[in-house]
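User: I am new to this structure and would like a close look at a single part, the charged side chains and the pairs they form. Please take me through them slowly, and then through whatever surrounds them.

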Amino acid sequence: MASRGILAIDQGTTSTRSVVYDAERLLPLAASQKEIRQYFPQDGWVEHDPEEIWQTVAETVQEALRQSGMEPHSLVAIGITNQRETVLVWERDTGRAVHRAIVWQDRRTTRYCQQHASAQPLITAKTGLFLDPYFSATKIRWLLDQGDHVRSAAEAGRLAAGTIDTFLIWRLTGGQVHATDVTNASRTLLFDIHALQWDHDLLRFFGIPPLLLPQVRPSVSDFGVTRGLAFLPDGIPIRGIAGDQQAALYGQGCFTAGESKCTYGTGAFYLLHTGSKAVTSHHKLLSTVAAMCDSTPKYALEGAVFIAGAAVQWLRDGLRLIRHAAEIEELAAASRGEEPVICVPGFVGLGAPHWEPMARGAILGLTRATTAADLACAVLEGVTLQVVDLVEAALKDWQGTPEAATAPLSVDGGMTRNAWFLQRQADVLGRPVVRAAQIEATAHGAAFLAAIGAGLTDETALRQHIQVTARFEPTWSPERRHQKRRAWRRAVEAVLNFARSDGSEPAPG
């Protein structure tokens, strides 16, 4: 039994996980996970119940500790990672939320963003983001507009706002600490990522009182200690915080410029560490803050693939080609390489570097000989080729060392259990792909940050804890790779042309 432990709380969009780690070896001892309910009060609206989130934290922490056999007082630090951009406002006196949390997926502020599109250049220059309902600022504004009493209370300092990490810190510390870390702050549209502070011009633009917002600290900082909890003793320090994708970047050991990771879940998120330089993207990627262990700035370029694991779910639930997601590996492996099938899985639009919300999915190159295996292969290849687009766009933006173009891509997430998929990713990318032992890298990253904050280790020593379970070397010839990419580009162009056409023009004849 380990004598000391680290607790990682991973609060996600659909569930809350708590993981207890051995503080010396930084290996997981036990984990507990509980789903949380999503509320859809109107079309395009997505909400969470803050009290349910808090309850699942309490329950999973207790269960993970019970399974690990570790006494709560043996915990030396807590790390938190969270769904980014989801935001809520609560009363400082009671801790009670004034409204359900508004989830990052929520689109209720779309009209506001459209009406203020002219502010886009200023916002991007300061934040590295787009003016979009995805981010937190317009959600906070909406919450403040739900009655004069809400805004007046915020202006008087009686309310507090924050992303989920901030809410959990507040509750864990008994209302003593109102803080967030730089990675979560960088996703709000209110944070100047160059000055690393809340921006007064942006606060005025969105109509958000400065008193409402938390203090911003590096990802490794003193975020207070537990106080007044029924499930943890007083005095356990909270030492590491990061938004989920930055936590995954850190958990994969990507600490320095040129290192990158891709997390494959429902979608896929690619992050390229750019070191101390915030890179402005010319390919519609996001510039964001990477996890910081001190006041030294750290940045990353980020791009998202909207459909990754969701494409496998479509094959299972929509086409019923498979009964279980794991069956996709064997089915895709049975595909014949000569079938020219290309799938663009743009079911909910295409993200970076295209950003075409009206795009939809397409399958091209079907023949009478096409089989279910060929479709499965094409769907998985479509995910890998979208990731290639992100990788190439990020490298063009960064213009870093030549070694970065050939460095391994670190991967995590549920889809990485599929060895065939990872081999195909390496083949179309033309670079090695490495899978870490801990494929749930978000919690691992939170534990790493907490361990540094507790003085147990540093980044040099942490690299010894990154265990690679599989490495996939590219096997395709450059000619085959280029041929596949050319076919992919033609397919994407066809999808984009279809999306941008209103059907009013006669077909050429």
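Analyst: A salt bridge is counted here when a side-chain nitrogen of Lys or Arg lies within 4 Å of a carboxyl oxygen of Asp or Glu. This is a predicted model, in which local features need pLDDT of at least 70 and side-chain atom pairs count only at pLDDT 80 or more, while totals for chains, interfaces and linings use all residues. Residues are numbered from 1 along each chain as its sequence is written, and side-chain values use heavy atoms, with hydrogens and water left out.

Arg239 and Asp222 form one such salt bridge, with their closest N and O atoms 3.0 Å apart. The pair links distant parts of the chain, since Arg239 lies in strand β13 (residues 238-243) and Asp222 in the loop between β12 (215-217) and β13, 17 residues apart. Helices (H or I, at least four residues) and strands (E, at least two) are DSSP runs, numbered from the N terminus. For the surroundings of each residue, buried means under 20% relative accessible area, exposed means over 50%, and partly exposed is in between, with a 1.4 Å probe and protein chains only. Arg239, at 17% relative accessibility, therefore counts as buried, whereas Asp222 is partly exposed, with a relative accessible area of 47%.

A second pair joins two helices: the side chains of Glu381 and Arg424 meet in a salt bridge at 2.4 Å, N to O. Here too distant parts of the chain are linked, with Glu381 in helix α12 and Arg424 in helix α13 (residues 419-429), 43 residues apart. Both Glu381 and Arg424 are buried.

Another salt bridge runs between Arg151 and Asp145, where the closest N and O atoms are 3.1 Å apart; Asp145 counts as partly exposed because its relative accessibility is 43%. Beyond single pairs, a network of salt bridges links Arg84, Glu85, Arg187, Asp244 and Glu302. The structure holds 29 salt bridges.

Charges without such a partner can also gather at the surface. Patches are made of residues with over 30% relative accessible area and no salt bridge, like charges being joined within 9 Å and nonpolar side chains (Val, Leu, Ile, Met, Phe, Trp, Tyr) within 5 Å. Lys and Arg count as positive and Asp and Glu as negative, while His and the chain ends are not counted. The place of a charge is taken as NZ of Lys, CZ of Arg, CG of Asp or CD of Glu, and accessible areas come from the Shrake-Rupley method with a 1.4 Å probe, only the protein chains shown counting as cover for residues. Under these rules, Lys396, Arg486, Arg489 and Arg490 form a positive surface patch. Helix α16 (residues 478-500) gives the most to the patch, with three residues, while Lys396 lies in helix α12 (residues 372-398) and counts as exposed at 52% relative accessibility.

Helix α16 also holds Pro478, which is partly exposed, with a relative accessible area of 49%. The C-alpha atoms of Pro478 and Gly430 are separated by 7.9 Å, although these residues are 48 apart along the chain.

Helix α6 (residues 164-172) offers a contrasting setting: nine of its nine residues are buried, so the helix is largely enclosed by the rest of the structure. Among these buried residues are the charged Asp165 and Arg171, along with Phe167 and Trp170. Just after α6, Gly174 takes a positive phi of about 65°.
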